[in-house]
Amino acid sequence: MYENLFNSEHPVTREKIDFYKANGYVRFDDFLNSDEVEALRGDLAEAMEAKKGFVRDLAASENDAKPGHKNKILQMLNLWENFPAVESYVKGGITAKIAQKLTESQNVYLFHDQALIKEPGPSAPSPWHQDQPYWPSKESGMLSCWMALDDVTIERGCMQFIPGSHKWGEFEPMSFTGKTDALRDVISEDQKKQWKPVPVELKAGSCTFHHGLTFHYTNANTTNQIRRALVIIFIPDGITYAGDEKMEGPLTSTITSKKGEPLRGTKFLKLV
Ligand SMILES: O=C(O)CCC(=O)C(=O)O
């Protein structure tokens with residue numbers, strides 16, 4: 001059904017690779033065409049109805065655990081398992097090939113995909129955080145592709161990055177219900193001087209890639225339109241399983257590696 005979609009090749013120039021290495025993120029404009037965006041939006045709409053698999057409100061607090069609770073940041077994990085357009089997009093490897101070039105890796109495995117949705121209404125900011133503290137990897141180097149499925153502005157919750165912060169090391173995981181800039185409290189005075197957020201507004205079908213240590217943030221969606229993003233997280237070469245040194249995540253039980261072995265799991269597909 002999707003044989004003509006998700007199979008394009010996207011050039012990665014030396015300039016893009018150098019930008020990613022220096023800044024910890026990089027943008028790719030006009031990556032998916034409108035048919036591809038529509039197909040993914042269709043799957044997300046179905047997923048929001050079906051609520052299959054791992055689904056949660058990333059910003060829910062204890063007070064929110066009530067019937068009729070409206071999600072502030074809806075997270076739906078591993079849609080590739082149940083939704084055919086997402087499956088073609090993920091397995092087609094069009095973003096994994098970019099991850100391969102950015103990391104200069106031979107192999108790239110899937111960690112997981114996730115839809116991150118901020119509906120108009122009760123939306124929350126995604127606080128400044130790094131991703132790596134939530135991941136089971138010992139080494140840094142895993143990375144994400146954040147695909148905009150809507151035109152995103154600052155007000156609608158586009159990604160914002162602190163360029164170069166992927167070189168500052170790994171900090172504690174941040175709470176999604178706490179102060180949005182708590183990460184600023186734990187960095188050095190010199191790093192505070194370099195705290196110059198760069199918002200990356202994107203058209204639907206454009207994306208950013210970011211390194212697992214890069215500080216990033218998105219605003220609450222204060223517009224009256226939905227904000228849909230589809231993220232794929234990649235495991236390049238050289239990443240081993242940290243064992244129980246790291247916090248447990250929704251995929252911990254699917255990990256097949258022993259501590260110190262290359263990070264692999266029953267759902268971590270080889271994409272490239
Ligand atoms: O989309 C968001 O609000 C946050 C995205 C994010 O933190 C990520 O993709 O790592």
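**Note on the ligand site of a predicted model**

1. The ligand takes up the space of the largest pocket. A pocket is defined on a 1 Å grid over the protein atoms alone, as an open set of points with protein on both sides within 12 Å along at least five of seven lines, where a 1.4 Å probe fits; a molecule sits in it if more than half of its atoms lie within 2 Å of its grid points.

2. This is a predicted model, in which local features need pLDDT of at least 70 and side-chain atom pairs count only at pLDDT 80 or more, while totals for chains, interfaces and linings use all residues. Residues are numbered from 1 along each chain as its sequence is written, and side-chain values use heavy atoms, with hydrogens and water left out.

3. The shell around the ligand (residues with a heavy atom within 4 Å of it) includes Leu116, Lys118, Asp131, Met159, Thr218 and Arg227. Its residues divide into 4 nonpolar, 5 polar and 3 charged.

4. Strands E4 (109-118), E5 (126-129), E10 (216-218) and E11 (227-235) each supply at least two residues of this shell. The protein chain has 5 helices and 11 strands, assigned as DSSP runs (helices H or I, at least four residues; strands E, at least two).

5. Polar side-chain atoms of His129 and Trp146 each lie 2.9 Å from an oxygen atom of the ligand, and one of His210 lies 3.3 Å from a ligand oxygen atom. The protein covers 95% of the 290 Å² of accessible area that the ligand has on its own (Shrake-Rupley method, 1.4 Å probe).

6. The C-alpha atoms of the protein chain fill a box of roughly 50 × 45 × 40 Å along the principal axes.

Conventions: A polar contact is a pair of N or O atoms within 3.5 Å; within protein, one must be able to donate a hydrogen and the other to accept it, and residues adjacent in sequence count only if both atoms are side-chain atoms. On a 1 Å grid over the protein atoms alone, a cavity is a set of points where a 1.4 Å probe fits but cannot get out, and a pocket is an open set with protein on both sides within 12 Å along at least five of seven lines; lining residues have an atom within 4 Å of a point. Ala, Val, Leu, Ile, Met, Phe, Trp, Tyr, Cys and Pro count as nonpolar, Asp, Glu, Lys and Arg as charged, and the others, Gly among them, as polar.
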